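Please work through the following exercises with the sequence and the structure in view. Each task is followed by a solution in steps.

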There are 2 protein chains.
Amino acid sequence: MDLVLRIIAAVGSLGSAVAMGTAEQTLPSFIQFIQFNAQYNDIPMFTFFVITNSIVCAYLGLSLPMSIFHIIRSSAAINSRIILVIFDTVMMALLTAGASVAAAIVYLAHNGNASANWFAYCQQFNSFCERTSWSLIGSFGGIIVFMLLIITSAVAISRR
Amino acid sequence: MDLVLRIIAAVGSLGSAVAMGTAEQTLPSFIQFIQFNAQYNDIPMFTFFVITNSIVCAYLGLSLPMSIFHIIRSSAAINSRIILVIFDTVMMALLTAGASVAAAIVYLAHNGNASANWFAYCQQFNSFCERTSWSLIGSFGGIIVFMLLIITSAVAISRR
């Protein structure tokens with residue numbers, strides 16, 4: 001169970017990082033040398049999103065051997081389980097922060113904000129906007145998986 | 001320990017909600033009937049921040065009796081501890097999402113974004129901006145306290 005959840009979350013966060021990292025759109029322009037280009041690193045929150053998803057994905061990859069070790073020796077290894085809970089909690093907070101920050105920008109990009117005079121740039125950068133919106137799914141799925149991971153760990157610790 | 005952490009987090013989230021909820025600034029205007037006014041509910045992310053902090057604060061208040069019960073009967077009550085871990089995890093995710101979303105907007109308000117043509121409105125709404133920035137502290141402190149809560153719960157469950 002633990003192992004399967006970790007693989008799902010790793011795939012989700014990797015997919016999110018790749019989808020956001022490769023999102024790009026160049027608008028056709030009539031004037032040469034002037035190009036309107038949208039990329040993930042134009043907006044610091046999207047860069048943060050890519051970085052946090054990459055970190056979380058790397059962590060999940062590294063935690064797989066530990067998860068396999070827990071399956072083999074299910075009765076022992078309370079300490080290593082607690083260490084895993086600690087890291088899971090920190091990584092969940094990191095992933096939630098990255099996903100929320102990107103979601104805030106995606107919301108603004110779609111709707112803009114009249115009070116702050118922020119323009120909804122989705123009207124121009126249509127496909128870039130769609131790509132960034134979809135890339136959030138993997139990340140939010142990862143958050144739910146992390147919740148399940150922490151809860152199953154707590155149950156596993158209580159049942160030893 | 002658990003009780004003290006919960007009280008700290010409750011005070012932090014309450015402070016954040018109140019600080020953000022009461023943040024308001026009206027710019028002096030030379031023309032009558034036209035006023036430039038900034039309030040937290042102009043921006044949906046700030047409203048979300050106030051709501052999440054209020055929910056988390058209410059939950060922490062409700063969880064205090066349970067925490068006291070755990071102090072009195074420290075050896076028993078594994079099930080109620082696990083239920084508390086489940087809710088703590090969900091609330092941590094909620095608080096992290098609220099705080100990150102508000103932080104993203106505060107960042108934009110301070111720096112703006114040239115690529116998206118978003119203007120840094122802090123240049124006008126100075127005191128409103130400062131108030132919203134400071135209100136994040138309680139929330140981010142609350143996230144750290146939630147991490148400690150989940151970790152101490154896991155350790156307590158393992159030690160029964």
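**Exercise 1. A pair in helix 1**

What separates A:Asp2 and A:Arg6 in helix 1 of chain A?

*Solution.* The model is a predicted one, in which local features need pLDDT of at least 70, side-chain atom pairs count only at pLDDT 80 or more, and totals for chains, interfaces and linings use all residues. Residues are numbered from 1 along each chain as its sequence is written, chains are lettered from A and ligands numbered from 1 in the order in which they are written, and side-chain values use heavy atoms, with hydrogens and water left out.

Step 1. Helix 1 of chain A spans residues 2–21; helices (H or I, at least four residues) and strands (E, at least two) are DSSP runs, numbered from the N terminus.

Step 2. A:Asp2 and A:Arg6 are separated by about one helical turn, because they stand four residues apart in this helix.

Step 3. Their side chains form a salt bridge, with N to O at 2.9 Å. The term requires a side-chain nitrogen of Lys or Arg within 4 Å of a carboxyl oxygen of Asp or Glu.

**Exercise 2. Burial of the charged residues**

Are A:Asp2 and A:Arg6 buried or exposed?

*Solution.* Step 1. Buried means under 20% relative accessible area, exposed over 50%, and partly exposed in between (1.4 Å probe, protein chains only).

Step 2. A:Asp2 has 18% relative accessibility and therefore counts as buried. A:Arg6, at 0%, is buried.

Step 3. A:Arg6 also forms a salt bridge with A:Asp88, at 3.0 Å from N to O. This pair links distant parts of the chain: A:Asp88 lies in helix 3 (residues 78–111) and A:Arg6 in helix 1 of chain A, 82 residues apart. A:Asp88 has 0% relative accessibility, so this residue is buried.

**Exercise 3. The second chain and the network**

Which residue forms a salt bridge with B:Asp2?

*Solution.* Step 1. The partner is B:Arg6, with the closest N and O atoms 2.9 Å apart.

Step 2. Both residues belong to helix 1 (residues 2–21) of chain B, about one turn of the helix from each other. B:Asp2 is buried at 18% relative accessibility, and B:Arg6 is buried at 0%.

Step 3. In chain A, shared partners join A:Asp2, A:Arg6 and A:Asp88 into one network of salt bridges. Over all chains the count is four salt bridges.

**Exercise 4. The largest nonpolar core**

Which residues of the largest nonpolar core touch the most other members?

*Solution.* Step 1. A nonpolar core is a set of buried Ala, Val, Leu, Ile, Met, Phe, Trp, Tyr and Cys residues joined through side-chain atoms within 4.5 Å.

Step 2. Among the 94 residues of the largest core, the answer is A:Phe46, A:Tyr121, A:Phe146, B:Phe46, B:Tyr121 and B:Phe146.

Step 3. Beyond its neighbours within four places in sequence, A:Phe146 is in contact (heavy atoms within 4.5 Å) with residues including A:Asp88, A:Met91 and A:Leu95.

**Exercise 5. Relation of the copies**

By what turn can chain B be laid on chain A?

*Solution.* Step 1. Copies are superposed by least squares on the C-alpha atoms of residues with pLDDT of at least 70 in both.

Step 2. A turn of 180° with a shift of 0.0 Å along the axis gives an RMSD of 0.0 Å. The two copies are therefore related as by a two-fold rotation axis.

Step 3. The copies meet through the same surface, because 100% of the interface residues of chain B are also interface residues in chain A.
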